[in-house]
Each structure stands twice: as structure tokens, then as C-alpha cells.
Amino acid sequence: MKNSTKKNIINKAREQFNQYGFGQVTLRMIANELSMSCGNLNYHFKKREDILEVLYFEMVEVFDQRIDTLPQVELSILHLYNEVKTSMERMYTYRFFWTDIYNVLRTNIKIREHFQLVYEQRIKGCLYLLQNFQEQGLLRAEQYPKEYSYLAEQMIHFGNTWWYGTALYQHNLAENVTKGTDQYVAILYPYLSTKGQEEIKKVMPWVFVK
């Protein structure tokens with residue numbers, strides 16, 4: 001975003017949304033924080049939802065790129081762990097969206113349509129990952145026809161809601177992201193082959209220490 005004033009508004013809005021929640025922040029509050037008149041802010045953004053959309057698409061740009069480049073990546077459990085941690089750190093930066101995800105999707109058609117479209121792509125990406133792990137001998141065979149389809153959905157749903165859950169009892173960024181990443185990757189453990197279980201223990205040994 002080349003316009004520095006517009007970028008300052010976006011950054012300050014994200015800070016305010018993260019601190020107070022999207023529904024509690026007004027354009028006047030953002031303008032006051034920037035020592036700016038409401039008229040000046042309105043020149044760049046007519047309503048609060050315009051800022052929300054810019055922040056949302058700013059956030060998901062990286063996620064969308066990762067899905068597109070997935071077939072070009074050498075996949076491993078370590079790679080998965082690092083990617084999940086990076087994604088969760090980015091989600092923390094835009095945590096206002098994830099704490100109010102259902103209301104945002106209910107009220108903003110543009111965001112909802114994109115989110116639904118990307119949901120299908122994320123499911124396909126997750127299934128690609130699981131298939132790749134099977135081919136590497138890291139994942140056992142399915143025990144019933146839709147087992148890994150359900151697993152992919154479970155992983156996506158956890159990814160969408162992990163921040164809301166951990167924020168209820170954790171207040172430290174490092175602890176939130178680490179715990180969320182551990183829990184996400186550990187979902188795979190019951191589905192891994194012996195080879196896969198040995199691999200995951202190397203990646204996150206602290207989870208398996210008695």
C-alpha cells in the first residue's frame with residue numbers, strides 16, 4: 001500500500017480492533033488515535049467495514065499463496081510444523097478477525113464469499129498433504145472411505161478456531177502460538193504410521209515426554 005496515510009490508518013485500526021474488538025471500534029476512535037480529523041479519515045475510508053476488508057485480504061494474501069505453491073514444496077512433518085507456526089503467528093497479528101469470525105462472516109458478504117471459496121481450496125490442500133504423507137509412508141491407510149476427508153475438515157476447523165480457544169486461558173503470544181501449533185500437528189498422531197510417529201516425536205519431542 002503506497003499511500004502512507006492510508007497505511008497508517010490500516011495499522012492503527014488493526015491495533016484498535018485487536019485491543020477492543022472490531023464491533024467496539026469506531027472511525028472516530030481510529031481518527032483520534034492518529035490525531036486526525038474524521039473528515040480526513042473518511043476521505044480514505046467511508047466506513048469501518050472498508051478497513052475490515054482491506055485488513056482481511058491483507059491477512060489472507062500469504063495464506064492463499066501457500067496453497068498455490070503447495071505442490072512445489074518438499075513436504076515433511078517438520079515443514080508442516082513450521083508452516084503452521086508461521087500461519088498462527090500471522091493469525092495472531094490479525095486476531096480480531098478470528099475472535100469474531102462468525103459475526104464477520106455473517107455480516108460481510110465479500111469476506112464470506114472469499115472465505116468460503118478458500119475453504120474449499122484449503123480442504124484440497126490438506127488432502128494433498130495427507131496423500132503426500134501416505135506416499136512417503138508417514139500416514140497409515142484409511143480405515144474407512146472418508147476417514148481422511150473428515151480429518152482434513154477437522155484440521156481446517158481447528159485452524160479457524162484455535163486462537164479463540166487458547167486466548168481464553170493464555171495471554172502470552174509465544175505460549176499461544178506454540179500450544180496451538182503443537183495441538184494442530186498432534187491431531188495427526190493417531191493416523192501416522194510407525195515411521196510417521198517416530199518423525200513427529202523428533203519434530204516436537206516435548207509433547208511426548210512422560
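**Salt bridges and contacts in an all-helical predicted model**

Lysine 12 and glutamate 15 both sit in helix H1, three residues apart, or about one turn of the helix. Their side chains meet in a salt bridge, with an N to O distance of 3.0 Å. The model is a predicted one. The two partners differ in burial class. Lysine 12 counts as buried, because its relative accessibility of 18% falls under the 20% cut-off. Glutamate 15, at 42% relative accessibility, counts as partly exposed.

The protein as a whole contains 11 helices and zero strands. Its pattern along the sequence is accordingly written α-α-α-α-α-α-α-α-α-α-α. The C-alpha atoms fill a box of roughly 65 × 35 × 30 Å along the principal axes. Of the 210 residues, 41% are buried. The accessible surface comes to about 11,800 Å². Carbon and sulfur atoms account for 50% of that surface. Contacts were also considered by sequence separation. Among those between residues at least 6 apart in sequence, 67% join residues at least 24 apart.

Charged groups were examined next. The protein carries 25 positive and 23 negative charges. The mean positions of the two sets are 5 Å apart. The count of salt bridges comes to six. One of these is the pair within helix H1, lysine 12 with glutamate 15.

Another salt bridge joins lysine 7 to glutamate 58, with the closest N and O atoms 3.1 Å apart. Lysine 7 lies in helix H1 (residues 4-20) and glutamate 58 in helix H4 (residues 48-69), so this pair ties together parts that are 51 residues apart in sequence. Lysine 7 is partly exposed, with a relative accessible area of 25%. Glutamate 58 is buried, at 18%. Its class follows from the cut-off, because buried means under 20% relative accessible area.

A further salt bridge links lysine 47 and aspartate 50. Here the closest N and O atoms are 3.1 Å apart. Lysine 47 is partly exposed at 42% relative accessibility. Aspartate 50 is also partly exposed, with a relative accessible area of 22%.

Two other residues illustrate contacts beyond the sequence neighbourhood. Isoleucine 111 is found in helix H8 (residues 109-135). This residue is buried, with a relative accessible area of 0%. Neighbours within four places in sequence aside, isoleucine 111 is in contact with Leu52, Glu53, Tyr56, Phe97, Val104 and Leu105. Methionine 29 is 82 residues from isoleucine 111 in sequence. The C-alpha atoms of isoleucine 111 and methionine 29 are 23 Å apart.

Tyrosine 164 lies in helix H9 (residues 147-166). At 48% relative accessibility, tyrosine 164 counts as partly exposed, because exposed requires a value over 50%. With neighbours within four places in sequence again set aside, tyrosine 164 is in contact with Trp98 and Thr99. Phenylalanine 96 and tyrosine 164 are 68 residues apart in sequence. Their C-alpha atoms are 9.7 Å apart in space.

Definitions and conventions:
Residues numbered from 1 in each chain as written. Predicted model: local features only at pLDDT ≥ 70, side-chain atom pairs only at ≥ 80, totals over all residues. Heavy atoms only, no water. Helix = DSSP H or I, 4+ residues; strand = E, 2+ residues; numbered from the N terminus. Buried < 20%, exposed > 50% of the residue type's maximum accessible area, 1.4 Å probe, protein only. Contact = heavy atoms within 4.5 Å. Areas by Shrake-Rupley, 256 points an atom, 1.4 Å probe, with all protein chains shown as cover. Lys, Arg positive; Asp, Glu negative; His and termini not counted. Charge placed at Lys NZ, Arg CZ, Asp CG, Glu CD. Salt bridge = Lys/Arg side-chain N within 4 Å of Asp/Glu carboxyl O.
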